[in-house]
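Here's a quick briefing to keep beside the viewer while you rotate things around. Start with the confidence, then work through the chains, where they touch, and the core.

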Amino acid sequence: MEFKGDRLTDKMRRQNPFAVPDGYFDDLPSKIQNRISEKKVTKPSVGFLHLFKHQIGITFGVVFFAAVAYSGYKYNQYMDESVVQADDYYEYVTNNAGEFNEQEIIGVLESDKKTISKKAMKKESEKIIDYLLEQQVETSAVEDELYKN
Amino acid sequence: MVAYSDSELLSQFQKEETRNFAFRLIVQKYQEKIYMHIRKLVIDHEDTNDIVQNTFVRAWKGLDTFREDAQLYTWLYRIATNEALTFLKRKRTRFFLPLVDVEAQLATTLESDPYFNGDEADLKLQKAILSLPEKQRVVFNMKYYDELTYEEMSSILGTSVGALKASYHLAAKKIEKILESD
């Protein structure tokens, strides 16, 4: 929309009706610079921590989460390590081939089974079952025990 | 007194040894325009004095990073406008809007203002301007009194030229209507 002309200029005087105290504009620059100087003087001395508080905060946050992640990783690793290794069972079965007893295997499983992660347990259980099948050992009771939980 | 360009002043401001001198010159160059712009919005001289000083203190802090893609004057103008509008908003909030009409209060201040030199016609005009919505008042003052171009106003207010033209047109019509009705 093209707004042509300014109708008000014909009707009203475009003058400034506002006045200021005498000498106001002469003193204003000094007043402003005094305010700036006051702000500089009263500004507290900025220490290293204050200057870099954001960076320090971010660093601590990253370190904290890294520590949590590492702890979680180590915990899982511990859990994995506490899994009864399949090799233990291979050795048992090999050494006790003649007197193989399912109940004994279950007993070993129960005694050696520590708190382990379900994922790790399942992985090892499958290895054990596969081995026992190769050895043509009846695995149903062993499976029941392994997959009980 | 030597008249420095804005570029020269900004260049001097960047140097530690001439910073204060350059800033003083910037204040001297623009203080009256900035003062009057704020005064027309907030009316009272003491309030205007505070806001003008706040404006230039903010300018001091921001001049280091001021990019010369905008003109220094429009940049100062923008700070001043924001400071004035923030002041009015706080005044309104303090008095629990909308129970208290801040503009009516400003009109009353105008009547008893020792630093108002206008006659009856001027008083009438100022009261009519005070009756406008805030943004329209800003636009009207910038166009009518400061004679800024719409492009400059657009740069200051962040509003499109078309919207500003419409705003001024509406403001002018409203003021005419008020004055003609009296």
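## Confidence first

This is a predicted model, and chain B has a mean pLDDT of 89, with 94% of its residues at 70 or more. Within chain B, helix α5 (residues 102–111) sits at the bottom of the elements with a mean pLDDT of 83, while α3(B) tops them at 96. For the model as a whole, ipTM is 0.87 and pTM is 0.63.

**The two chains**

- Chain B is a helices-and-loops affair: it has nine helices and zero strands.
- Going along the sequence, that reads α-α-α-α-α-α-α-α-α for chain B.
- Chain A has eight helices and, again, zero strands, which gives the pattern α-α-α-α-α-α-α-α.
- Of the 182 residues in chain B, 32% are buried; for the 149 residues of chain A, the figure is 6%.
- If you take the contacts in chain B with a separation of 6 or more, 59% of them join residues 24 or more positions apart.
- Do that for chain A and you get 73%.

**Where the chains meet**

- On the chain A side, 19 residues are in contact with 31 residues of chain B.
- Two helices of chain A, α1 (7–11) and α2 (24–42), each put at least two residues into the side that touches chain B.
- The largest share of that side comes from α2(A), with eight residues.
- By residue type, the side of chain A that touches chain B splits into 13 nonpolar, two polar and four charged.

**The largest nonpolar core**

- This core has 45 residues, and the ones touching the most other members are B:Ile38, B:Val139 and B:Met153.
- Both chains feed into the core: α2 of chain A gives two or more residues, and so do α2 (19–42), α3 (45–62), α4 (72–94), α6 (120–130), α7 (134–144), α8 (150–157) and α9 (161–181) of chain B.
- Which helix gives the largest share of this core? That would be α2(B), with 10 residues.
- Why does the core lie between domain 1 (1–96) and domain 2 (117–182) of chain B? Because both domains give residues to this core.
- As background, nonpolar side chains in soluble globular proteins tend to be buried together.
- For a look at one of the core's hubs, pick B:Ile38: leaving out residues up to four places away in sequence, it touches B:Thr48, B:Ile51, B:Val52, B:Ala80 and B:Ala84.

**α2(B) and what comes after it**

- Helix α2(B) isn't straight, as it bends by about 50° at B:Tyr30.
- After α2(B) comes B:Ile43, which has a positive phi, near 70°.
- B:Asp44 is in the loop between α2 and α3 of chain B.
- Is B:Asp44 buried or exposed? It counts as partly exposed, because it has 16 C-beta neighbours inside 10 Å, and being buried would take 20 or more.
- B:Asp44 also has a sequence-distant partner to check: B:Pro114 is 70 residues away in sequence, yet the C-alpha to C-alpha distance is 9.6 Å.

Note on methods: Residues are numbered from 1 along each chain as its sequence is written. Chains are lettered from A and ligands numbered from 1 in the order in which they are written. This is a predicted model: local features need pLDDT of at least 70, side-chain atom pairs count only at pLDDT 80 or more; totals for chains, interfaces and linings use all residues. Helices (H or I, at least four residues) and strands (E, at least two) are DSSP runs, numbered from the N terminus. A residue is buried if 20 or more other C-beta atoms lie within 10 Å of its own, exposed if 12 or fewer, and partly exposed in between; C-beta atoms are placed from the backbone. Two residues are in contact if their C-beta atoms, placed from the backbone, lie within 7 Å. Ala, Val, Leu, Ile, Met, Phe, Trp, Tyr, Cys and Pro count as nonpolar, Asp, Glu, Lys and Arg as charged, and the others, Gly among them, as polar. A nonpolar core is a set of buried Ala, Val, Leu, Ile, Met, Phe, Trp, Tyr and Cys residues joined through C-beta atoms within 7 Å. Domain bounds come from an automatic or database domain assignment. pLDDT is the predictor's confidence in each residue, from 0 to 100. The bend at a residue is the angle between axes fitted to the seven residues ending there and the seven starting there.
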